[in-house]
Amino acid sequence: MTLSKKNALLAVIIPLWLIIATVGLLFTSKSTEKPFDPNGALYLASNKPDFDSQVNRLLYGVLHTSLNNVVVHITSSNNCLCQLTATRHIKSVKDAAEYIGKRNETVYIENIQGLSNILTSTPAVAVFDDLGNLSYLGPYSTGIGCLSGNGTVEPYLDVKSTLGAIVPLESTGCYCNV
């Protein structure tokens, strides 16, 4: 085979391979994107007047420590691809929280009786302000792969005091259902 025939063959095969790989990657990524609150449990719970205090009681019950300036990282003991892909972002959130003086705690949703009735997806994060009030409860980020580039929790890490929790109910991304 002459050099020009090889080049012509490569000029066809390489773009074709790139197109097939890209389509496959997009299809695979899109199949992992799902709602954070697929059955509306978090939506229903967050509309109750005692929602913030209920979440505070559940997390205090397992941590047995003040929730002032705490970031609670809620994970599952089930191995899930989405937990793995979010690992880097979770670490960056932990580092950011530490940098601003917050304490990080990690809990497993299976160990907190009643939490999975409210929160049906992980990885999730709960951020508490200076006074121990819940200021954010939801996913770390949204979008395909739940990467740090589209994080939703970062703006709420440095909130000093809140009037109620921010709960992003319409988030979609890579989440593990519990």
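Which residues of α5 are buried? In this predicted model, the list reads H89, I90, V93 and A97. Seen down the axis of α5, these buried residues fall within an arc of 100 degrees, so they line one face of the helix. The other side of α5 looks quite unlike that, with R88, K91, E98 and Y99 exposed. As for what sits on top of the buried residues of α5, the cover includes β2, α4 and β3. The helix itself covers residues 87-99, and its length works out neatly: at 1.5 Å a residue, its 13 residues should span 18 Å, and the end C-alpha atoms are indeed 18 Å apart. Just after α5, G101 takes a positive phi of about 95 degrees.

Stepping back to the whole chain, there are six helices and eight strands. Read from the N terminus, the elements go α-β-α-α-β-α-α-β-α-β-β-β-β-β. Of the 178 residues in the chain, 38% are buried. Among contacts with a separation of 6 or more, 79% are between residues 24 or more positions apart. The accessible surface comes to about 10,000 Å², and carbon and sulfur atoms account for 60% of that.

β2, one of the elements covering α5, is itself well wrapped: six of its six residues are buried. In a regular strand the side chains alternate between the two faces of the sheet. In β2 both faces are covered, with V70, V72 and I74 buried on one side and V71, H73 and T75 buried on the other. As for strand partners, β2 pairs with β3 in the parallel sense, over six bridges. Within that pairing, T75 has Y108 of β3 as its bridge partner. β2 also pairs with β5 (residues 124-128), this time antiparallel and through four bridges. Here V72 stands opposite A126.

Next come the cysteines. The structure holds two disulfides, and with the bonded cysteines numbered in sequence order, the pairing is 1-4, 2-3. One disulfide is formed by C80 and C176, with the sulfur atoms 1.9 Å apart. This pair links distant parts of the chain, 96 residues apart: C80 sits in the loop between β2 and α4, and C176 in strand β8 (residues 176-177). The link of C80 and C176 is left-handed, with -95 degrees about the S-S bond. The two ends are not covered alike. C80 has a relative accessible area of 23%, so it counts as partly exposed, being above the 20% under which a residue is called buried. C176, at 6%, counts as buried.

The other disulfide joins C82 to C174, again with 1.9 Å from S to S. C82 lies in helix α4 and C174 in strand β7 (residues 172-174), so the pair ties together parts of the chain that are 92 residues apart in sequence. The link of C82 and C174 is left-handed too, at -85 degrees about the S-S bond. Both of these cysteines are buried.

C176 turns up again in the surroundings of T120. T120 is in the loop between α6 (115-118) and β4 (121-122). Despite that loop position, T120 is buried, because its relative accessible area is just 10%, where the cut-off for buried is under 20%. What does T120 touch, leaving aside neighbours within four places in sequence? One set of contacts is F36, D37, P38, N39 and A41, and another is C176, N177 and V178.

Finally, there is S135, found in strand β6 (residues 134-139). S135 is buried, since its relative accessible area is a mere 1%. Not counting residues up to four places away in sequence, S135 touches V127, F128 and D129, along with Y156, T162, G164, A165 and I166. Among these contacts, V127 and F128 come from β5 (residues 124-128), the strand that runs antiparallel to β2. How far apart in space are S135 and A165, C-alpha to C-alpha? The distance is 4.1 Å, although 30 residues separate S135 and A165 in sequence.

Methods: Residues are numbered from 1 along each chain as its sequence is written. This is a predicted model: local features need pLDDT of at least 70, side-chain atom pairs count only at pLDDT 80 or more; totals for chains, interfaces and linings use all residues. Side-chain values use heavy atoms; hydrogens and water are left out. Helices (H or I, at least four residues) and strands (E, at least two) are DSSP runs, numbered from the N terminus. Buried means under 20% relative accessible area, exposed over 50%, partly exposed in between (1.4 Å probe, protein chains only). Contact means heavy atoms within 4.5 Å. A disulfide is a pair of cysteine sulfur atoms within 2.5 Å. The expected span of a helix is 1.5 Å times one less than its number of residues. The arc is that of the directions from the helix axis to the C-beta atoms. Accessible areas come from the Shrake-Rupley method with a 1.4 Å probe; for residues, only the protein chains shown count as cover. Two strands pair if DSSP finds at least two bridges between them.
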